[in-house]
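Got your viewer open and a selection box ready? Let's walk through this one stop by stop.

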Amino acid sequence: MKTWFANRYLDLLGSIYIYNEHRGYTALDRVLEAVRAKHPEAVELIEAVEKHRADERKHYVMFKRWFELRGQMPIALDRTFGHIDRFIEMTFGTPIDSLDTDAIVASDDLFERLCRVISLTEKRGLKQVDILLENGFVRSDKALYRIFQVVHRDEPSHYEPYDKWLMQNQRREPSFKERMIDRMIHNELLFIKLPLLFLWFRAPRIKQWRDAGEQNPKPRPLSLQAA
């Protein structure tokens, strides 16, 4: 029974993370395109977002390989399980796919809001990985544990450039409302959606990998990432 519970928990955990990692780097593609077009002089910011995007892609590939070694596909989740999806919808009033990134990058006020959303999301991710690295089920799976170690190491560089932009441009820190939205999204997933998904034994799985047909640079091998 304990083995079944552990496998089920890790299956759900991996499915949620691989969805969010894919959602992360594909959303950043649009942000990068807009920043390069409207602010080509912002070299430092562009390079930081490029690294963020590359890391999210790298994490996706690691989770993908983990599922391949398990011989199964992830559970087919939608944007209701995406932290950044929910955050964007609640702060901008539109799904990520409908977000006008050109207009956001062109407006300092809107870009400020986007920076706060991304920063809060990444900081929430770091806190969650801190917890997962102490989780007995995660620690029992050496491959998954190593993946989360890599995610934990990469995470600070994902929110720092957005915090830096806010500071350099004398923009405000996240408001109480924004912090409450972040917490609510997290608690909603942890205490409502995850338990319901746990009991949905016939939840469908994706038929093909989400990155099928994408053109992505080959990530560095895991053995070289700590070099």
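Start by selecting Lys64, which you'll find in helix α2. Keep in mind as you go that this is a predicted model. Is Lys64 buried or exposed? Its relative accessibility is 17%, so Lys64 counts as buried, since the cut-off for that label is under 20%. Show what surrounds this lysine: leaving out residues up to four places away in sequence, Lys64 touches Ile18, Trp209 and Asp211.

**Along α2 to His52**

Stay in helix α2 and move your selection to His52. With 2% relative accessibility, His52 counts as buried too. Which residues is His52 in contact with, once you leave aside its neighbours within four places in sequence? Pick out Leu28, Ile118, Glu122, His158 and Tyr162. Keep Tyr162 displayed, as it turns up again at the next stop.

**Over to Cys115**

Now select Cys115, in helix α5, which covers residues 108–132. Cys115 has a relative accessible area of 0%, so it is buried. Apart from neighbours within four places in sequence, its contacts are Tyr162, Trp165 and Leu166. Try a distance label between the C-alpha atoms of Cys115 and Trp165: they are separated by 7.9 Å, although these positions lie 50 residues apart in chain numbering terms.

**Charged pairs**

Next, switch to charged side chains. Side chains of opposite charge can pair when their charged atoms come close. How many salt bridges does the structure hold? There are 24, and a few make good stops.

Go for Lys58 and Asp154, whose closest N and O atoms are 2.8 Å apart in a salt bridge. This pair links distant parts of the chain, with Lys58 in helix α2 (residues 43–70) and Asp154 in helix α7 (residues 142–154), 96 residues apart. Check the surroundings as well: both Lys58 and Asp154 are buried.

Now select Glu188 and Arg86, another salt bridge, where the closest N and O atoms are 3.0 Å apart. Glu188 sits in helix α9 (residues 176–199) and Arg86 in helix α3 (residues 83–92), so this pair ties together parts that are 102 residues apart in sequence. Arg86 counts as buried, at 18% relative accessibility.

Stick with helix α9 and pick Asp182, then add Arg124 in helix α5. They form a salt bridge with their closest N and O atoms 3.0 Å apart. Because one partner is in α9 and the other in α5, the pair ties together parts that are 58 residues apart in sequence. Are the two partners buried or exposed? Asp182 is buried at 5% relative accessible area, and Arg124 is buried at 15%.

To finish with the charges, select Asp108, Asp109, Glu112, Arg116, Arg171, Arg172 and Glu178 together. Salt bridges that share partners join these residues into one network.

**Into the largest pocket**

Time to turn on a pocket or surface display. Rolling a probe the size of a water molecule over the atoms shows where empty space is left. How much space lies in the largest pocket? The value is about 820 Å³. Its lining has 45 residues. For a quick way in, centre the view on Tyr17, Asn20, His83, Thr121 and Gly125, which lie nearest the pocket centre.

Then colour by helix to see who contributes. Helices α1, α2, α3, α5 and α9 each supply at least two residues of the lining. Which helix gives the largest share? That is α1, with 12 residues.

**Out at the surface**

Follow α1 (residues 2–38) to Phe5, which lies in that helix. Phe5 has a relative accessible area of 35%, so it is partly exposed. Add Met1, Trp4, Leu199 and Phe201 to your selection: with Phe5, they make a nonpolar surface patch of about 620 Å².

**Last stop: a backbone oddity**

Finally, jump to Gln170, in the loop between α8 (156–168) and α9. Most residues other than glycine have a negative phi. Gln170 is not a glycine, yet its phi is positive, at about 55°. Is Gln170 buried or exposed? With a relative accessible area of 75%, Gln170 is exposed.

Conventions: Residues numbered from 1 in each chain as written. Predicted model: local features only at pLDDT ≥ 70, side-chain atom pairs only at ≥ 80, totals over all residues. Heavy atoms only, no water. Patch = residues over 30% accessible without salt bridge, like charges linked within 9 Å, V, L, I, M, F, W, Y side chains within 5 Å. Areas by Shrake-Rupley, 256 points an atom, 1.4 Å probe, with all protein chains shown as cover. Salt bridge = Lys/Arg side-chain N within 4 Å of Asp/Glu carboxyl O. Helix = DSSP H or I, 4+ residues; strand = E, 2+ residues; numbered from the N terminus. Buried < 20%, exposed > 50% of the residue type's maximum accessible area, 1.4 Å probe, protein only. Contact = heavy atoms within 4.5 Å. 1 Å grid on protein atoms, 1.4 Å probe; cavity = no way out; pocket = protein on both sides within 12 Å on 5 of 7 lines; lining within 4 Å. Points joined across faces, edges and corners; volume = space filled by probe spheres on them.
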